[in-house]
Amino acid sequence: MKRASVWMLLGCFFLLSGCAHPSFPPVADSLSVVISLEVKGETVTFLNAKHGDQVARWNINEPFQGGALSADGRTLLLYGRDLDGVYRYDLATGKPLAEWKTGSGIVSAAPSPDGRTWFFGDSKHRAVRVVSRDGKEIARLSVGCSPMTLLVNRAGTRLYVIDFQDERAWIIDADRRRVIRSFAVPKFALGGVVRERQGELWVGGHGSGSRVETNIHVYSLQDGRLLRTIAAPVMPVDFVETDRGVFVLSHGSNTVYQVLPSGKRLDSVSVGANPFAMEAAGGRLYIASYDSDEIIVVDEATLRPLARWKTGDGPLQLLIREGRT
């Protein structure tokens, strides 16, 4: 009887441990890494930001679609439209933290700069959900059915929500947690950059079928007026701004454009195969090439390709985590 009880307890232990999220190899706080989120392989690969050596690869084995880093760079969040919650991991230990039970429908995430709150785009409830750092929902704001792009200004006072399907964008007062105004954007709008000094919001887009997007639409941060368009064929879907201008990734033409603050295109380079994401750090651009399962490293000053680093299957998003001394 006693022996049977022991085996029953062991059986329960293995059953429970099998349902929990596993631990992964740690990523030291001191290390600067490029984080590749690979949706096809359901893996996350950490690469040394200087020379591209693989630091770790995490086999998530769950259908996540995106991720975000906490403001302090210590916690990685993974989310997906079909996941029942947001998965959280401590990078320094590789251990899972308590899952946030958001329910399904999460398609985007962004932290506030001070790290006190998180913003989640929820396609199921057509909302932006504001969540405290301990996972408690503190506000829910109605937006469109596919809030795939969330952009927070540097002060953390404004949140810009760009919907992929509903042809609308929303400006949200992050402190008061209320919608200030909304304005029209093209259908299948995707990606953008907030340019506070110029008072501009640059919005990219994917398009669909024969209606592919070829332009960047520039709107006023104040009132949402369309100020001008900038040609960036085809499908400008990701943006980074540095001291050298705005770099635009157009994934339909496999091209990175360098655009001056005035909107004039200065230079361009062909990169990768079906690239979806781009990040910048240390004078370099990092571009995720989805079809070739690699990151293309480009010199920001010359737009000359420097290296090609292998990733897991289907890198869809990149994150940069700067090391801490």
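Strands β7 and β8 make a hairpin with 5 residues between them, and in its turn Gly 115 has a positive phi of about 75°. This is a predicted model, so please read each value here as computed from predicted coordinates. Strand β7 covers residues 106-111 and runs antiparallel to β8, with 5 bridges joining the two. One pair to look for is Ile 106, which stands opposite Asp 122 in β8.

Follow the chain onward and β8 takes part in another hairpin, this one with β9 and with 4 residues between the strands. Here Arg 126 is the turn residue with a positive phi, of about 50°. The pairing of β8 with β9 (residues 127-132) is antiparallel and counts 6 bridges. Asp 122 turns up again, standing opposite Ala 127 in β9.

How many residues of β8 are buried? Strand β8 spans residues 117-122, and 6 of its 6 residues are buried. In a regular strand, side chains alternate between the two faces of the sheet. Both faces of β8 are covered: Thr 117, Phe 119 and Gly 121 are buried on one side, while Trp 118, Phe 120 and Asp 122 are buried on the other.

Now step back along the sequence to an open sheet of 3 strands, ordered β4-β5-β6 with antiparallel pairing. Its edges are β4 (66-69) and β6 (87-90), each of which pairs on one side only. Ignoring direction, neighbouring strands of this sheet are turned by 20° against each other on average. Between β4 and β5 (residues 75-79) there are 4 bridges, and Ala 68 has Leu 77 in β5 as its bridge partner.

Further back still, Ser 36 lies in strand β1, residues 33-38. Is Ser 36 buried or exposed? Its relative accessible area is 0%, so Ser 36 is buried. The side chain of Ser 36 makes a polar contact of 2.8 Å with the side chain of Glu 38. Leaving aside residues up to four places away in sequence, Ser 36 touches residues including Thr 43, Val 44, Ile 295 and Leu 318.

Finally, let us look at the whole chain. The protein chain holds 1 helix and 29 strands. Its radius of gyration is 20 Å, close to the 20 Å that the globule rule gives for 325 residues, so the chain is as compact as a globular protein of that length. Of those 325 residues, 50% count as buried. The accessible surface of the protein chain comes to about 15,000 Å², with 48% of it belonging to carbon and sulfur atoms.

Notes: Residues numbered from 1 in each chain as written. Predicted model: local features only at pLDDT ≥ 70, side-chain atom pairs only at ≥ 80, totals over all residues. Heavy atoms only, no water. Pairing = 2+ DSSP bridges. Axes fitted to C-alpha atoms, helices over the stretch in contact; angles between N-to-C directions. Rg over C-alpha atoms; globule rule 2.2 N^0.38 Å. Buried < 20%, exposed > 50% of the residue type's maximum accessible area, 1.4 Å probe, protein only. Areas by Shrake-Rupley, 256 points an atom, 1.4 Å probe, with all protein chains shown as cover. Polar contact = N/O pair within 3.5 Å; in protein donor to acceptor, adjacent residues only side chain to side chain. Contact = heavy atoms within 4.5 Å.
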